[in-house]
Amino acid sequence: MSSATLIGNWKHTVLYLTLIISLVYFIETLISHKLHINHTNIRFKRSPNLPLRFRDDGTFKILQVADMHYGVGSITRCRDVVDAEFDYCSDLNTTRFLRRMIEAERPDLIAFTGDNIFGSSTTDAAESLVQAIGPAIEYGIPWAAVLGNHDQESTLNRQELMTFLSLMDFSVSQINPLVGDDDDQSALRLIDGFGNYRLRVHGAPGSVLSNSTVFDLLFLDSGDRETVQGRRTYGWIKDSQLRWLQDSTRQGHRQSIAGNPPALAFFHIPILEVRDLWYTPFIGQFQEGVSCSVVQSGVLNTFVSMGNAKAAFIGHDHVNDLCGNLKGVWFCYGGGFGYHAYGRPNWHRRARVIEARLGKGRDTLTGVERIKTWKRLDDEDLSKIDDQVLWEASYTFLK
Ligand SMILES: *[C@@H]1O[C@H](CO)[C@@H](O)[C@H](O)[C@H]1NC(C)=O
Ligand SMILES: *[C@@H]1O[C@H](CO)[C@@H](O)[C@H](O)[C@H]1NC(C)=O
């Protein structure tokens with residue numbers, strides 16, 4: 001072959017390659033947007049920094065939001081407001097209240113304790129939840145939710161709701177734990193309900209307990225409605241859930257160098273014994289009967305036997321906002337938060353705040369020393385009321 005023929009072939013090859021590359025590039029630019037699902041880029045959940053931990057100043061603050069009863073936003077009317085307020089009142093007032101609470105308290109965690117949405121007032125449960133929870137995500141605050149008895153009355157069932165809630169931005173909600181005998185996955189048991197989980201809060205950064213659980217937060221599914229011996233009643237926390245609580249508390253105790261840290265529980269429907277608080281010196285208002293299951297569940301006895309359960313935060317009865325003590329465990333209502341929920345005209349929507357504070361050792365912050373709670377009203381000044389201490393450590397930590 002002559003050198004002239006060789007150069008000719010080489011020129012053809014270059015031309016040919018250029019043509020192919022141009023074609024591929026042209027096709028790619030033409031159809032590339034079709035390679036993405038729904039023409040948008042796939043987006044991952046934005047997660048908060050984990051584990052949850054106390055601040056440098058030794059505090060950890062939780063905002064409890066009970067019974068938002070969210071519908072679809074601006075066209076969902078308020079209930080039980082005075083006539084003069086009715087015309088300009090909607091779900092957006094609930095949103096506004098949540099933003100104000102976040103601005104005022106700057107919580108480290110928000111606990112939504114059920115009836116977050118009012119199923120029968122929305123045709124899209126997911127959309128309603130996105131709007132209801134919205135401010136928590138806007139401010140990038142970790143949040144945890146459980147279900148009430150109204151959340152599933154729309155387009156998602158309880159399992160789907162908890163799945164969705166666990167996938168939303170900044171959520172630390174979980175569907176359910178894997179339950180087994182220690183690490184033996186074959187011993188996996190099922191727990192009743194959806195949204196039973198434990199969040200462990202670590203000590204302050206740089207302190208001796210910075211890698212240890214010093215505060216335990218327990219979330220439980222109290223169900224929706226059930227029929228017991230032909231009688232319609234509310235759901236309750238089942239034996240399987242209580243067994244999980246006890247087992248995981250025992251396990252946590254074995255693994256923890258800080259001993260059994262104080263624990264708080266969050267769920268929606270009160271237990272039967274909350275009725276007995278009427279005869280005790282409670283703090284706050286007891287304005288309606290306790291609506292709960294007729295079944296006496298073992299919740300109170302379980303909390304007592306765990307030893308570290310200091311308080312439970314509930315919702316469901318919107319115009320009760322009291323805290324009372326049963327056998328050494330506090331039961332506190334959040335008080336109705338949402339404007340589409342029933343309430344009382346001239347009785348402000350409200351929210352509860354819980355603050356835990358670490359003790360100060362000689363040169364380091366230690367474990368939880370005190371747990372306080374108070375409420376704020378959605379009035380002009382976000383008035384702070386019913387400030388009380390729930391628990392104080394009666395021992396000294398590592399001093
Ligand atoms: C609801 O929000 C509107 C608009 O911000 C406000 O004018 C109205 O007073 C609020 N209503 C209540 C009951 O808070
Ligand atoms: C906590 O864990 C980090 C990272 O593993 C380590 O650097 C630090 O020394 C630990 N702190 C304590 C008090 O154990």
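# Exercises on strands and backbone angles

Strands S3 and S4 pair in the parallel sense over four bridges. This is a predicted model, in which local features need pLDDT of at least 70, side-chain atom pairs count only at pLDDT 80 or more, and totals for chains, interfaces and linings use all residues. Residues are numbered from 1 along each chain as its sequence is written, and chains are lettered from A and ligands numbered from 1 in the order in which they are written.

**Exercise 1.** Find the order of the strands in the open sheet that contains S3 and S4, and name its edge strands.

*Solution.* Start with the terms: helices (H or I, at least four residues) and strands (E, at least two) are DSSP runs, numbered from the N terminus. Two strands pair if DSSP finds at least two bridges between them. Strands of a sheet pair through backbone hydrogen bonds, either parallel or antiparallel.
1. Six strands make up the open sheet, in the order S4-S3-S2-S15-S16-S17, with mixed pairing.
2. Strand S4 (143–146) and S17 are the edge strands, each pairing on one side only.
3. On average, neighbouring strands of this sheet are turned by 20° against each other, direction ignored; axes are lines fitted to C-alpha atoms, for helices over the stretch in contact, and angles run from 0 to 180 degrees between N-to-C directions.
4. For a residue pair, take Phe-112, whose bridge partner in S4 is Ala-145.

**Exercise 2.** Determine in which sense S7 pairs with S1 and with S8.

*Solution.*
1. S1 and strand S7 (residues 197–202) are parallel, with two bridges. Here Leu-52 stands opposite Val-201 in S7.
2. S7 and strand S8 (residues 213–219) are antiparallel, with six bridges. Here Arg-200 stands opposite Asp-216 in S8.

**Exercise 3.** Locate Arg-106 and Asp-386, then state phi and the exposure class of Arg-106 and of Asp-386.

*Solution.* A residue is buried if 20 or more other C-beta atoms lie within 10 Å of its own, exposed if 12 or fewer, and partly exposed in between; C-beta atoms are placed from the backbone.
1. Arg-106 lies in the loop between helix H3 (91–105) and strand S3 (109–113). Its phi is near 45°, a positive value in a residue other than glycine.
2. Arg-106 counts as exposed because it has 12 C-beta neighbours inside 10 Å.
3. Asp-386 belongs to strand S17 (residues 384–392). Its phi is near 55°, again positive in a residue other than glycine.
4. Asp-386 counts as partly exposed because it has 18 C-beta neighbours inside 10 Å.
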